[in-house]
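Visitor: I would like to take a close look at a single part of this protein, the space enclosed inside it. Could you guide me through it slowly, and then point out a few residues elsewhere that deserve a careful look?

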Amino acid sequence: FGATWVATKDTGLVRINKSGVTESFHKVFADIIIHSINFTEEDLILVGTEEGLITYEIDEGGAPSPVQKLNEIPPVRINFIRQDPRQPTIFWVGTAGHGLVRLEIDHTKSDYISATTVGADYGINETDVRSITFDSKWNIWLSTFSSGLYKGTWSESLEGYEEFTVFNETN
């Protein structure tokens with residue numbers, strides 16, 4: 001896009017171009033509380049709201065227009081959206097009370113976005129995931145509200161996370 005995008009409380013999304021000129025998209029996001037945003041390589045905007053995840057595309061005039069609300073993710077606050085550093089078509093979504101969700105975006109399919117809740121065996125599916133990051137070994141780290149810090153250990157052989165460890169007051 002070549003611009004900086006900012007999610008705001010009262011004016012929706014604001015785009016700041018390379019010259020410093022700002023453009024607000026308040027009408028598009030009227031009555032929507034935005035908590036997080038991210039962009040796909042296909043120019044979709046993933047918008048985490050108080051009531052779930054909504055995708056937008058940039059129309060010919062340069063403004064965001066809604067594409068769909070993702071019903072595969074519960075209608076809860078989306079705290080954080082992070083692109084996977086290994087696979088640009090994978091996004092990790094931290095939710096309020098429903099844990100970690102893995103999004104896969106494949107534009108070659110008619111249902112091009114699939115969502116899977118991750119970590120039910122470790123109780124992550126009921127946590128409030130506030131932030132997501134990766135370390136140099138591709139392990140995923142989740143900060144949560146009142147449940148501690150989770151580390152998902154990456155397995156090359158499984159091409160996925162083989163286990164999650166929680167770090168909290170008990171350990």
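Guide: A cavity is a set of grid points where a 1.4 Å probe fits but cannot get out, and its lining residues are those that have an atom within 4 Å of such a point. The model in front of you is a predicted one, and in it the count comes to one cavity of 30 Å³ or more, with a volume of about 30 Å³ for the largest cavity. The residues that line this largest cavity are Thr-40, Glu-41, Glu-42, Pro-88, Thr-89, Phe-91 and Ile-105, and they divide into three nonpolar, two polar and two charged.

From the lining we can turn to Asp-43, which lies in the loop between β4 (34-39) and β5 (44-49). The phi of Asp-43 is near 65°, a positive value in a residue other than glycine, and because its relative accessible area is 41%, Asp-43 counts as partly exposed. A positive phi is also found at Trp-138, where the value is near 70°; this residue sits in the loop between β12 (129-134) and β13 (140-144), and Trp-138 is partly exposed because its relative accessibility is 31%.

Thr-55, by contrast, is found in a strand, β6 (residues 52-58), and Thr-55 is buried because its relative accessible area is 0%. Leaving aside residues up to four places away in sequence, Thr-55 touches Ile-45, Leu-46, Ser-65, Pro-66, Val-67, Gln-68, Leu-70 and Ile-113.

Key:
Residues numbered from 1 in each chain as written. Predicted model: local features only at pLDDT ≥ 70, side-chain atom pairs only at ≥ 80, totals over all residues. Heavy atoms only, no water. Helix = DSSP H or I, 4+ residues; strand = E, 2+ residues; numbered from the N terminus. Buried < 20%, exposed > 50% of the residue type's maximum accessible area, 1.4 Å probe, protein only. Contact = heavy atoms within 4.5 Å. 1 Å grid on protein atoms, 1.4 Å probe; cavity = no way out; pocket = protein on both sides within 12 Å on 5 of 7 lines; lining within 4 Å. Points joined across faces, edges and corners; volume = space filled by probe spheres on them. Nonpolar A, V, L, I, M, F, W, Y, C, P; charged D, E, K, R; others polar.
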